[in-house]
Amino acid sequence: MDNHGNFSEQERLHLDTDHICELVATLLPVAEYIHSHTQSYLQMPEQQQALAELIAILHELHPADMATLLESLPLQERMLVWKLATPTEDGEVLLEVSDPVRETLIENMAQQELLAAVDNLDADELAQLAPDLPKEVVYEAISSRDEEERAQITAAMSFEDNQVGALMDFELVSIRADVTCEVVLRYLRRFERLPNHTDKIFVVDNYDVLQGVLPIRSLLVADPDLLVSAVMADDVVTFRPEDDAEEAAAAFERYDLVTAPVVDSNRKLIGRITVDEMVDVIREESETDMLNMAGLREEEDLFAPVVDSVKNRWIWLAVNLCTAFVASRVIGMFENSIEKIVALATLMPIVAGIGGNSGNQTITMIVRAMTSGQISNSQAWRLLRKEEGVALVNGIIWGSVMGIVSYFLYHSVGIGLVMVAAMTLNLLLAATVGVLIPVCMQKAGRDPALGSSVLITAVTDSGGFFIFLGLATLFLL
C-alpha cells in the first residue's frame, strides 16, 4: 500500500518538500561540484545516494510543484535544486514562479541555459517571460522562430502586462461555417493533439472575421450532415487585446468560460484567452490586494536579503510610526483626565480596538466589491449609509455590553455611559472611513487596497482615543 495513500496532493507536496530539504542539506557542502549528470565528485556514499534520490524526485515534479518548492527554499538551497531540475522544463518553471524568485533564478543562469529554457515555449509564453529576460536572450530567442511566431511574439509584447493582449494564446482551431460537421470531425482527427482547454472551435469567414463558435459538445452530438452554420452559436463573449485583464477574468467567472476569442476592431480573430491564464490573474490580483492592505509595496521573496525586505516594507511602517505618534499625542492631551480617573487608561484600548476591527471588516468588503466590479460611485454612497447603520446597531449593542461591564468594574454610571457613546461614535467613524478610503484611492487612480489596513487602524486609534477621552473629560470631570 502507498504510504501517501491517505494524503491530499498538497500534503504530499509538503512531505516531499521536507524530504527534499533533508537531501539538499546533505549535498550543500559539495554543492559547487554537483552537476546534473555526474556524481564523480561525491566521495561519501550517503551523498551519492542523496544526489540520485534528489534527481529522481525533481525530475518527476510538475513544473508548478517545482515552482512551489523553489519558492520555499533559501537562496543557496534553491540554486542547488535549480541546477538539478529537468532542463527541458526550466522555461515552464520560470513562468510558474513568483517574480522575485524568477529574478534570482535568471540572474544565476548563463545565456545558453536561458536560451535552452525558452526554446520549447510557445509564442505567448515567451512573450510573457520576455520582460524578465536579458535583451540579448530575447533577441536571439525571437530570431530562432519562424516569421509567424515572431509576429505573434512582437504583437503580445506590445501590450501592457495588465491587458488581454499580453495573455492571449495564438494556438487555436478555426473552421468555416459552410462545411459539415463530418468534415470538421475529420479535420480534427488530423491533429496530433488539440490545443489545451479546447472546448470550442472558432468559426471564421475567408478573412478570419469571427462568425461564431462551435462548442465541442454540440459537434459530438450533431447530425454529421448538418452545416456548421446550423449548429454554431453566434452569441459569443469576445475580448479586445487592449481590454483590462482583471475585467476579462471577472467575465470568465461570471459566464463560466473556458476559452474566449480575442478580436481586433474589425472582429478579426487574432487569438484566444484561456481559463488557466484568467485563474492566474485572479490569484495575482488577490495576492496584490492582500499585500497592499498590509502596506507591502510588492510581492516579496520569503528568503530575500534583509536589505531588500526592508526596502519593500519601510514606507508604510514609517506611515504607521507617524500615525502612532499622533495617537500618542491625542492621549497626551488628556493626561490630566487619565490621572484623575485611572479607569480611562484601561478602557480606552477597547474603544480603539473594536473600531479598528470593524473598520477592517468594512474596508475588506468594499475592496473586494470594487475588485469584482460590484460598486459604482453612486452605489458607494448608498453603501456608506448602510455601513453606518450596521455600525450604529453594533455600537449600541456592544457599547451597552461594555457599559454594563464597566459599571460593575468601577461602580460608575458615568463611565458606563461614556463607553456606550464612545464605542458607538468610533464604530460610526470606522464605517465612514472604511468606505471613503478605498473610494478616494480609486478616484485618485490608485489601488483601493493600498495601505488600507494601516490607514483604518490609524484613524480608529486616534479617533477612538480622542472620542473616549474627550467625552470623559466633558462629562466625568
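A cavity is taken here as a set of grid points where a 1.4 Å probe fits but cannot get out, and its lining residues have an atom within 4 Å of a point. The structure examined is a predicted model. A search of the whole structure returned one cavity of 30 Å³ or more. The volume of the largest cavity is about 40 Å³. Its lining is formed by L58, L61, H62, P63, M66, A85, T86, E89 and V93. By class, this lining comprises six nonpolar residues, two polar residues and one charged residue.

Two of the lining residues, P63 and M66, fall within helix α3, which spans residues 63-71. Helix α3 packs with helix α4 (residues 75-84) at an angle of about 155°, the two axes lying 9 Å apart. The arrangement of α3 relative to α4 is therefore roughly antiparallel, because angles over 145 degrees are assigned to that class. On the α3 side the contact involves M66, L69, L70 and E71, and on the α4 side R78, V81 and W82. Five nonpolar and two charged residues make up the contact of α3 with α4, with no polar residue present. M66 thus appears both in the cavity lining and in the contact between α3 and α4.

Further along the chain, UniProt lists residues 232-288 as "domain: CBS" in an unreviewed entry. In the model this span is 44% helix and 19% strand, and its end C-alpha atoms are separated by 39 Å.

A second helix pair was examined in the region that follows. Helix α16 (residues 306-333) and helix α21 (residues 452-476) have axes that come within 9 Å and cross at roughly 0°. Helix α16 is therefore roughly parallel to α21. W316, V319, N320, T323, V326, A327, V330, I331 and M333 of α16 meet V454, L455, A458, S462, F465, F466 and L469 of α21. The residues of this contact divide into 13 nonpolar and three polar, with no charged residue.

The unreviewed UniProt entry also places the feature "transmembrane region" at residues 389-409, 415-437 and 449-476. In the model, residues 415-437 are 100% helix and 0% strand, with end C-alpha atoms 32 Å apart. For residues 449-476, the helix content is 89% and the strand content 0%, and the end C-alpha atoms lie 40 Å apart. Helix α21, at residues 452-476, lies inside the annotated segment 449-476.

How values were computed
Residues are numbered from 1 along each chain as its sequence is written. This is a predicted model: local features need pLDDT of at least 70, side-chain atom pairs count only at pLDDT 80 or more; totals for chains, interfaces and linings use all residues. Side-chain values use heavy atoms; hydrogens and water are left out. UniProt positions are given in the numbering used here, feature names are shortened, and annotations may be inferred rather than shown by experiment. Helices (H or I, at least four residues) and strands (E, at least two) are DSSP runs, numbered from the N terminus. Axes are lines fitted to C-alpha atoms, for helices over the stretch in contact, and angles run from 0 to 180 degrees between N-to-C directions. Angles under 35 degrees count as roughly parallel, over 145 as roughly antiparallel, 65 to 115 as roughly perpendicular and the rest as oblique. Contact means heavy atoms within 4.5 Å. Ala, Val, Leu, Ile, Met, Phe, Trp, Tyr, Cys and Pro count as nonpolar, Asp, Glu, Lys and Arg as charged, and the others, Gly among them, as polar. On a 1 Å grid over the protein atoms alone, a cavity is a set of points where a 1.4 Å probe fits but cannot get out, and a pocket is an open set with protein on both sides within 12 Å along at least five of seven lines; lining residues have an atom within 4 Å of a point. Grid points are joined across faces, edges and corners, and a volume is the space filled by probe spheres set on the points.
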